[in-house]
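Here's a set of exercises to work through with the model open in your viewer. Try each task before you read its solution.

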Amino acid sequence: MSYMSLFDVPTPARELAGKAAIVGLGETDFHRDYQAARAKTEGYEPPTAEGLAATAFERALADSGLEKSDIDGISVSFLYGGPDAASMAASLGLTPRYLNDRGGGICAGPIPVACGAIAEGKCDTVALIFSVATRSIGRKFGGQKFDSDAPSSYYYHHPWGWSSQAAHWAMIWQHYQQVYGASEADLGSVAVQIRHNATLNPNAVMQKPLTIEDYLASRYVVKPLHLFDLCLVNDGAVCLIVRRADLARDLPHTPVSVEGWGRASVTRDKMRTLVVDRMRPQYQEAGRQALDMAGVALADVRHFEGYDASTIHLIDHVEGHGFVDPGAGLEFCKGGGMAIDGALPVNTGGGILSGTYMHGWNHVAEIVRQLRHEAGARQVDGVDVSMFSLAQTDQVHPIIFRRGER
């Protein structure tokens, strides 16, 4: 059994670039399941994390064209409870030689870990499974009913007024407004753009078009952030099947090569780094590592998926990595730069603001579809290099993907 934390991912190294590729993708029915959960029609049974995981795996396996006997590794990520890797493998009828329970729930950990395991010869083909029944279990993220058992933690630091994720994003946005003179309508353009992308994704949770007027009329969650500035809460699962590169060809779909990754953490002055610097030093360092490992320049990235826990956080990604200058992100979005036919298409499947809240796994799923050139109405023309960036309050973890060869 292999146990690894998010920070135990392999050190970025050029020799690990392109050693593994995503060959299978499976997702649950985010839109349909969310509608059913809201309606609670007679006979409705909320899903379990295990059941969602099994559905995503079976769909990924079918998508890959492989057999269960080809899967010799499994990595599971159940953020709010679920079986370990061995138990999940048994329930799926797998007999893997590599198991990982601790790759980190967010996908910036398990993907590099799986690629490292493949490069080391521990396995050839890994099923990476992420599953959450967040809505069904009534998971809370702040508010009066939120029970934080510590005055200071990774997310919450009450002396600063950070009693929820929304509280610290609100503080970041308020500082941004003061420095750059931005308005709420400016930030609303991000929510509107990402919702438009979601309307082109038949599996997105939110498919109703959103206008600036709708955005401004919505309630505040933590002023000055509105309802549409914050991500969804829903149930679902994603499975990615990652295979040794030389075995990834001659399968039903174009392989998506994992080319590079990076990591950088806030080590001191967290409040200043997060609010004032908006983690730009960490974005720059982690991005440099990932790009160097992949052997590509930032200008080569034609499609970007950023962890959009809030609208302002997505702008932090775009500015922090250097796609635009600090303070220019909102004008870039308003001018169509983040649109599907823009200079840098961003979160083309709806992200976690409007697509589905899968803690970054849905962003990678969208990258797979884009690099396969199978994204339909939201396809980015001719894209062959995509970048995913996961950042929370004190860490940045980008991954570079490239369209492979068949």
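**Exercise 1. Take helix H6 and work out how its span compares with the expected one, and how much of the helix is covered.**

Solution. Keep in mind that we're working on a predicted model.

- Step 1: H6 runs over residues 184-199, which makes 16 residues.
- Step 2: At 1.5 Å a residue you'd expect 22 Å; the model gives 23 Å from first C-alpha to last, so the two are close.
- Step 3: Now the burial, where the cut-off is under 20% relative accessible area. By that test 12 of the 16 residues are buried, so H6 is mostly covered.
- Step 4: The buried set takes in nonpolar residues such as Leu187, Val190 and Ile194, but also charged ones, including Glu184, Asp186 and Arg195.

**Exercise 2. Find which residues touch the most other members of the largest nonpolar core, and say where that core lies relative to the domains.**

Solution.

- Step 1: The core has 96 residues, and Ile22, Ile111, Val190, Leu240, Met338 and Phe401 touch the most other members.
- Step 2: Domain 1 (14-139 + 234-247) and domain 2 (164-231 + 256-406) both contribute residues, so the core lies between them.
- Step 3: Another core lies apart from this one; it has 27 residues, among them Val23, Ala49, Ile129 and Ile241.
- Step 4: Zoom in on isoleucine 22. Skipping neighbours within four places in sequence, its contacts include Leu240, Val256, Val364 and Phe401.

**Exercise 3. Describe how domain 1 and domain 2 meet: how far apart are their centres, and how much area do they bury?**

Solution.

- Step 1: Over C-alpha atoms, the centres of domain 1 and domain 2 are 23 Å apart.
- Step 2: Count the contacts: 39 residues of domain 1 are in contact with 34 residues of domain 2.
- Step 3: The two domains bury about 3,000 Å² between them, with 68% of it on carbon and sulfur atoms.
- Step 4: For charged pairs, the count between domain 1 and domain 2 is 2 salt bridges.

**Exercise 4. Pick out salt bridges and ask which parts of the chain aspartate 72 and arginine 97 tie together.**

Solution.

- Step 1: A search of the whole structure turns up 21 salt bridges.
- Step 2: Aspartate 72 meets arginine 97 at 3.2 Å, N to O. Aspartate 72 sits in the loop between helix H2 (49-64) and strand S2 (73-78), and arginine 97 in the loop between helix H3 (85-92) and strand S3 (98-100), so the pair ties together parts 25 residues apart in sequence. Aspartate 72 is buried, at a relative accessible area of 11%.
- Step 3: Aspartate 124 and arginine 244 form a salt bridge at 2.9 Å, N to O. Aspartate 124 is in the loop between helix H4 (110-119) and strand S4 (125-133), while arginine 244 is in strand S7 (residues 235-244), so this pair ties together parts 120 residues apart in sequence. Aspartate 124 is partly exposed at 22% relative accessibility, and arginine 244 is also partly exposed, at 28%.
- Step 4: Arginine 278 and aspartate 316 pair up at 2.6 Å, N to O. Arginine 278 is in the loop between helix H8 (270-276) and helix H9 (280-294), aspartate 316 is in helix H10 (residues 311-320), and they are 38 residues apart. Both are buried.
- Step 5: Now look for shared partners: salt bridges join Asp72, Arg97, Asp124, Arg244 and Asp246 into one network.

Methods: Residues are numbered from 1 along each chain as its sequence is written. This is a predicted model: local features need pLDDT of at least 70, side-chain atom pairs count only at pLDDT 80 or more; totals for chains, interfaces and linings use all residues. Side-chain values use heavy atoms; hydrogens and water are left out. Helices (H or I, at least four residues) and strands (E, at least two) are DSSP runs, numbered from the N terminus. Buried means under 20% relative accessible area, exposed over 50%, partly exposed in between (1.4 Å probe, protein chains only). A nonpolar core is a set of buried Ala, Val, Leu, Ile, Met, Phe, Trp, Tyr and Cys residues joined through side-chain atoms within 4.5 Å. Domain bounds come from an automatic or database domain assignment. Contact means heavy atoms within 4.5 Å. A salt bridge is a side-chain nitrogen of Lys or Arg within 4 Å of a carboxyl oxygen of Asp or Glu. Buried area is the accessible area (1.4 Å probe) that two parts lose on being put together, summed over both.
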